[in-house]
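Reader: Take me through this one, please, and tell me what each label rests on.

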Amino acid sequence: MKTIFEKSNNTNGILLTDENEDLGIIENKFLRTDSCGLPSISELEVLRHYKELSDKNFCIEKGFYPLGSCTMKYNPKVNELLASLEGFSNLHPLQPDEDCQGALELMYKLQEALKKITGMDAFTLQPAAGAHGELTGMMVIKKYFEVKGDKRRKVIVPDSAHGTNPASAALCGFEIVQVKSNEKGQVDIEDLKSVLCPEVAAIMMTNPNTLGIFEEQVLEISKIMHDNGSLLYYDGANFNAIMGYTNPKLMGFDVVHLNLHKTFATPHGGGGPGAGPVGVVEELKEFLPSPIIDFDGEKYYRNYEINHTIGNVRDFYGSFGVLIKAYAYILMMGKHLKEASENAVLNANYLKEQLKQYYTLPFDTICKHEFVLSSEELKHKTGVSTLNIAKALMDENTHPPTVYFPLIVHEAMMIEPTESETKERLDEFVQTMIKIYEKANLNPEKLLSSPHFTPVKKVDETLAARHPDLSFKNAI
Ligand SMILES: *Cc1c(COP(=O)(O)O)cnc(C)c1O
């Protein structure tokens, strides 16, 4: 496919008249004399170009998207409409407080809603993504110990953790200590006790963890950590597992981040804006990024008076457009947020029970919003690996699950259907997975060369990783 620059042919979507050319508003010396190098192409061709590009892509509007740990759920379109209201979209971040009371009120009320949902005492809305929230939370923890004059340089991370957890802590200068999972797929308490020492600043946990399993001993873990003077960080990226049922405060956590672009139905960034608000307990409030949005009983204002603030982690106040959409979602759902969790968990368990008859379920227990299967046995028997299954799913208009993660399960497939799918869609996915399973047993060759019907066919994974060709020149 040609790029839009290559398609440029001196046609134009708009006709500039003489009057448009010289309005006399801009002085001659500021006017550009050379071409600005933008493609010149008719409006219809522009539309065709981008439609063709988007057709090559996969999205939730096209088909089932069970990408574990990513919560690819439906993003209601009404949220887009609300975020594009003029009063929001024309705001400038440097406008004084009295000129943007509505926007400040929205951010304040979103903070209040997130406090209620998580049990935390204060929130910052600044971080732009989950990993950015983790970094912010770890900076808060680091500063907390610094101000106390307590030198702690270690952070404990379970071996099932999302890769961003150790990365965020390491970026903050902490040394990572890994703890094992036990035979139930949960943190091994004995191993945890064996690595505890006065130098441990915190443990970073995901609960339910990335196997989709609830850490039953979380209260004991929180007691052990607090007795050691350490803090507990909660990775709440996938909060649709527990909303309304329990919260990190009840489990004894001190810091939590949420992914608005997962749980709260705003679009995933794809490199663009997401939001990873961070909540903390009262004791850590004075370390949050400044400003936080406050209310003095009469007006909303940006509060810069935060004693030991770690500073600003993002220009201005975060991805405001995303905050609007998440707030709209929370208001729209109200007490039904609890049902969202109920359905997310029900859908995951429904799929798990059907698929475990074909693929190996390493931890056979009730799961929360997701579960992990393994195709190790199938690979052993037929040569068809998790990677081949993932590619075969693409031929079936289905996005593959997250694969080869978490690392503690070989040939892992991490499946998260989310709450927005109907039983019919789930049944369809089960049938597709059975079809692939049967093909693997009967005619594995065909699967080994999948995908056959996607814009990009089978790629050399090693070459793609070692020598990525990112130029558009050889693009499809
Ligand atoms: C997605 C995710 C993250 C990272 O969030 P980003 O917005 O992608 O940075 C962290 N932890 C868990 C458990 C996640 O699922």
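Author: Let's start with a term: a polar contact is a pair of N or O atoms within 3.5 Å; within protein, one must be able to donate a hydrogen and the other to accept it, and residues adjacent in sequence count only if both atoms are side-chain atoms. Keep in mind that this is a predicted model, where local features need pLDDT of at least 70 and side-chain atom pairs count only at pLDDT 80 or more, while totals for chains, interfaces and linings use all residues. Residues are numbered from 1 along each chain as its sequence is written, and side-chain values use heavy atoms, without hydrogens and water.

Reader: How do you know that the side chain of Asn238 makes a polar contact with the ligand?

Author: One of its N or O atoms sits 3.2 Å from a ligand oxygen, so the pair passes the polar-contact limit. Asp235 passes too, with a side-chain N or O atom 2.6 Å from a ligand nitrogen, and so does Lys262, whose polar side-chain atom is 2.7 Å from a ligand oxygen. The protein covers 85% of the 380 Å² of accessible area that the ligand has on its own (Shrake-Rupley method, 1.4 Å probe; for residues, only the protein chains shown count as cover).

Reader: Which residues come nearest to the ligand?

Author: Among the 13 residues around the ligand, Ser69, Gly130, Asp235, His261 and Lys262 come nearest; being near takes a heavy atom within 4 Å. Helix α7 (residues 130-148) supplies the largest share of that shell, three residues. Helices here are DSSP runs of H or I, at least four residues, and strands are runs of E, at least two, numbered from the N terminus.

Reader: What makes Leu85 count as partly exposed?

Author: Its relative accessibility is 44%, and buried means under 20%, exposed over 50%, partly exposed in between (1.4 Å probe, protein chains only). So Leu85 lands in the middle class. Leu85 also joins Val78, Leu81, Leu82 and Met332 in a nonpolar patch on the surface, with about 420 Å² of accessible area together. Patch members need over 30% relative accessible area and no salt bridge; nonpolar side chains (Val, Leu, Ile, Met, Phe, Trp, Tyr) are joined within 5 Å, like charges within 9 Å. Helix α4 (residues 77-83) gives the most to this patch, three residues.

Reader: And why does Val157 count as buried?

Author: Val157 has 3% relative accessibility, so it falls under the buried cut-off. Val157 belongs to strand β2 (residues 154-158).

Reader: How do you know that Arg48 and Glu45 meet in a salt bridge?

Author: The N to O distance is 3.1 Å, and a salt bridge asks for a side-chain nitrogen of Lys or Arg within 4 Å of a carboxyl oxygen of Asp or Glu. So the pair qualifies. Both residues lie in helix α3 (residues 43-55), three residues apart, about one turn of the helix. Arg48 is partly exposed at 47%, and so is Glu45 at 32%.

Reader: What makes the Glu396 and Lys435 pair a salt bridge?

Author: The closest N and O atoms are 3.1 Å apart, so the distance rule is met. This pair links distant parts of the chain, 39 residues apart: Glu396 is in the loop between α14 (386-394) and β11 (402-403), Lys435 in helix α15 (residues 423-442). Elsewhere, shared partners join Lys352, Glu353, Lys356 and Asp364 into one salt-bridge network.

Reader: How many salt bridges does the structure hold?

Author: The structure holds 27.
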